[in-house]
Amino acid sequence: MGFYIVPAAQVGPYSIRIDMPGMESYKGEFTLLSGDTAVIDVALKVGSTATEVTVQADAAPLVTTTSPTLASVTDRARLDQLPISGRMFQSLVTQTTPGMDGASAAPRLWGLRWGVEFLQDGAVMSNRDTGELSGRPPGMDTIEEFRVETNASSAKMNRPGTVIVTTRGGTNQFHGSLLEVARNNNLGFGVARRREDRWTRPPHLVRNEFGGSAGGPIVIPKVYNGKNKTFFFGSYEAFRSLTATTRAAAVPTEAMRNGDFSGLVNAAGRATTIYDPWSTAADWSRVPYVGNRIPAARQSPLSKYLYSVTPAATDPGVNPLIAQNYFYQAPNNRLEWTLTQRFDHRLSDKDQIFGRYTYGVRDTYAQSGNNNSPTTLDFSANGTFRPIRDHSGVLSWTRTFSPTFFSEMLFNVGSEDLSFINVGDNKKYADQLGLPNPFDEFGFPNVTSTGVGMEYITAANRRNSIVQIYNLDHNLTKIKGRHELQFGGRYRFEKLNILPDQQQVQGAHSLNGQFTGLYDPTSGSTYSAVPFTGHAAADLYLGTINSYSAQFVRKWYRMHSREFALYLQDNHKVNSRLTLNYDLRWEMYTPIREESNFLTGFDPKTKSVVNGTDWETMFKIGATTPAIARVFQNLGVPFISPEQAGLPKDLIKLNKWDFNPRGGFAYKMTGGARPFVVRGGYGIYGYPMPLRAFNARMRQNPPTTARFTYQFSNSVQTPDRLPNYGLRAAPSTVAGVNSRDILDLNSPTGIARGGFLVSYFNPEQPTSRAHEWNLTFEREILENTVLRFGYVGTHGARLDQFYSYNQSPNDYVWFTRTGLLRPTGTFAGTATRAFETTMYGDIEEYRKTGWSNAQNFQIEIQRRYSKGYGFQFFYVLTNALKASGNGWSDDIVPSDNVFLPNSVPQDLNARARLLFYQRDSEIPQHRFNWNFIVDLPFGKGKKWLSRTGAIGDRIVGS
């Protein structure tokens, strides 16, 4: 009797032979899949040494007989032949895996969010900021197989679900491939595609997918022969998609660009009259422009520039105040490629190593502007880029100490540089246009409310995440009697450089038509305009902007975190039918640390903002300015250090003792070559949440942000302290002439009592957890065909949730609760709040109190590809409910003071259950998927065209 393991075997077909004196020889064949353990139970019969049994074709059963893990494998045949748009393997992951649904870059798993990790040969393929798969994953030709573990994974795995991608390797045979897939509607095909416009042709679509791969032994004639020892594999794959969708926008007419606004007539036929603001008299009366035409000498430098880069109307006879007059093809382009190189080397019979490096590029560009505004002719506004650069590298060393003891050492690195930028981010356009640029920023300043639909914006907040994940894993396996002991550990280091959303840092300016309007003496204290006088399009021509602003936002977070883990697993083969699995994994996730110790928080005991470092350091690193700090301090906002708040430097306490037990069983209820197996398991898994919830909120905290604004309609800033100054005075500022210094950096204007948010972490941040369990029944019902059915359950615990506890109720709730009218005066914005009534606006606490539950029933029939065909059918019935767990985008628990008395529970968890615990509508209740592949009966060895010769075989196939 013996129990032996062959480690580090590549996936693919194998044969095994066993010889023993006095016994019949045994020979079997089997196919090893990714992540599988091929269990071959051999019983030798007494016989002469010359006796040899017939080869057993499927020595390893298709049904898993030693593990409770739910997993599915997509093999090379399906990767090659299943039709998939874009050749992105992650699309196949969600299409072929029961229990997995949603966006392929961040799939949900049996009702759990953010619990899936993608690995390529052990290297992490994910962006910790977004929580999504890397932007450019490995090409399809690079992948030998992928395995998706969805429930009850072993202690070796650190996430609730894992997608394990295995890279192809070289063999003793040279092999290679070339591919080209093309779609092009310019060739005259696809005329029947859905019309989206008034053109006679379908929307633009040109797409190419191409590449090649090669592998084999490394052979250098007369120098080195690597057969049976050293192998290489390389692959290049590219994706090019150039598409366009017809859109309609409203742009200024040619007359407007020449100062002629006689066409300002609405759909009801009512004309708008524009007035000369420089004719403003002492009684605030004005003289209208003759014929609604502004002299060319009055045109501002800003409007001259904007009109020069704005496309001319395609329908010049259409009034843009009534309908769109510009139709165009809005591009949406995507250019990608990936390169992979792998080398395998057998050092000895006991040692083998391999290394792999993958580089991926993804560049996208899209028109993106308010009201479908087209990208400007000079490529300065209304367009976005999203460049992504991915690197992944692996080094692996496998050492076999004995037939019952081996180890695997794995070091890998995964990194991604993801940016959101705009078409104008290469220049300081505010300087070029003479507009305010107080923070010396690149980018195009927003110009909005222009009177027609056309606006000029930076369509995406510029941001950047540069994430590097280093892993060192050591896994060991020891066979002792009936026990297979697996143990080891992991050290993970994550370097996280995050530039948070740089929202309107380059400037944001808007018009309102008051400078060309006429003051209405009967409007009283509102100081309003006479109806149908003044127009923002005319203001733009004159350069008389109503509101100038720019926002200060802190720059880079330079952070890092660590993960430590140890695990032990015993796969106990109790007898020939029953295997028990006992697992325990210990993990420790360190809190995120910022290199300057500058994170911001809040201490509810003292009602103070917590700054991780001192003022001088904050000013030095550009996290705030003295003027911003002074305004907050003058309001009375107290700032204290972490030590004063009784907090660690990281503001979050360390969780040292996260133990995640797991266990399961597999039992063969029947014997024979096709046993009926029942298996099940339960496990607890920890996992971190994406950082986006952190940086998108914390960047707004005092003192790291402030808006600097000058508004001619704001009575606080006007010379006579009355509103709508643009109606009542000749313009003193013209955009592009003398507007450069209109913003005063010593006077932040966006900071007012009750007008700013504080968002902070509760210092107790337990690791998010998933509880998973399943009971599954399996049997091979036909040759290479498995029937699987069972029950799968998950419970998400310690999920992220925001608790907003300083909100202000509406007037009705306030009156019902207090019997008082809403306060006015200095503290009008704070006096009705629940927690602090003098300074703060909403106060949000990030907690780990959310949860989810999901009950699932599945049935699947799958035939592994063999003899020319394979198929898969599965149905999943899901009942998923949740309360939070989706980052900062939903389920923010409000304070009870915004509700009528006794209408909601005072307990936070009970209130969250009442308000949010409900069916997760994003997860389908019923899901039925199928796929199949069938070889055509043509080519060598097939029914038809089987004798076409060497060249014909290459064309027809085999």
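This note goes through the cavities, some buried residues, a strand and the nonpolar cores of a predicted model.

1. **Cavities overall.** The model is predicted, so read what follows in that light. Searching the whole structure gives 10 cavities of 30 Å³ or more. The largest holds about 530 Å³ of space. The second largest has a volume of about 250 Å³.

2. **Lining of the largest cavity.** The lining consists of 33 residues. Nearest the centre are Arg 128, Thr 590, Ile 592, Pro 688 and Lys 848. Four elements give two or more residues each: β26 (483–502), β29 (557–573), α9 (692–698) and β41 (843–866). β29 has the largest share, with 3 residues. By class, the lining of this cavity holds 17 nonpolar, 7 polar and 9 charged residues.

3. **Lining of the second largest cavity.** Here 24 residues form the lining. Trp 114, Val 116, Ser 126, Gly 131 and Pro 688 lie nearest the centre. At least two residues each come from β6 (116–120), β8 (126–127), β9 (132–133) and β26. The largest share, 3 residues, belongs to β6. The classes are 14 nonpolar, 4 polar and 6 charged.

4. **What the two linings share.** Pro 688 is listed among the residues nearest the centre of the largest cavity, and Pro 688 is also listed for the second largest. Strand β26 gives two or more residues to the lining of the largest cavity and supplies at least two to that of the second largest.

5. **Asn 497.** This residue sits in strand β26. Is Asn 497 buried or exposed? Its relative accessibility is 13%, under the 20% cut-off, so Asn 497 counts as buried. Beyond four places in sequence, Asn 497 touches two runs of residues. One is Asn 464, Ser 465 and Ile 466. The other is Trp 556, Tyr 557, Arg 558 and Met 559.

6. **Pro 703.** This proline is in the loop between α9 and β37 (705–711). Pro 703 has a relative accessible area of 0% and is therefore buried. Leaving out neighbours within four places in sequence, its contacts are Thr 600, Asn 611, Trp 615, Met 618, Ala 623, Thr 624, Ile 628, Phe 632 and Phe 639. Val 637 is 66 residues away along the chain, with 9.7 Å between the C-alpha atoms of Val 637 and Pro 703.

7. **Strand β3.** Why is β3 (residues 70–74) largely enclosed by the rest of the structure? Because 5 of its 5 residues are buried. Both faces are covered. Leu 70, Ser 72 and Thr 74 are buried on one side, Ala 71 and Val 73 on the other. β3 runs antiparallel to strand β10 (residues 143–151), with 5 bridges joining the two. Val 73 has Arg 147 of β10 as its bridge partner.

8. **The largest nonpolar core.** This core has 69 residues. Which of them touch the most other members? They are Phe 261, Val 637 and Tyr 840. Helix α6 (residues 536–542) gives the most to this core, 6 residues. Setting aside residues up to four places away in sequence, Tyr 840 touches Val 637. Other residues touched by Tyr 840 include Phe 602, Val 609, Pro 638, Phe 756 and Val 758. Lys 607, Asn 806, Thr 830 and Arg 833 are also among them.

9. **A separate core.** Apart from the largest nonpolar core lies another, of 25 residues. Its members include Leu 70, Leu 92, Leu 133 and Ile 933. Leu 70 is one of the buried residues of β3.

Technical notes
Residues are numbered from 1 along each chain as its sequence is written. This is a predicted model: local features need pLDDT of at least 70, side-chain atom pairs count only at pLDDT 80 or more; totals for chains, interfaces and linings use all residues. Side-chain values use heavy atoms; hydrogens and water are left out. On a 1 Å grid over the protein atoms alone, a cavity is a set of points where a 1.4 Å probe fits but cannot get out, and a pocket is an open set with protein on both sides within 12 Å along at least five of seven lines; lining residues have an atom within 4 Å of a point. Grid points are joined across faces, edges and corners, and a volume is the space filled by probe spheres set on the points. Ala, Val, Leu, Ile, Met, Phe, Trp, Tyr, Cys and Pro count as nonpolar, Asp, Glu, Lys and Arg as charged, and the others, Gly among them, as polar. Buried means under 20% relative accessible area, exposed over 50%, partly exposed in between (1.4 Å probe, protein chains only). Contact means heavy atoms within 4.5 Å. Two strands pair if DSSP finds at least two bridges between them. A nonpolar core is a set of buried Ala, Val, Leu, Ile, Met, Phe, Trp, Tyr and Cys residues joined through side-chain atoms within 4.5 Å.
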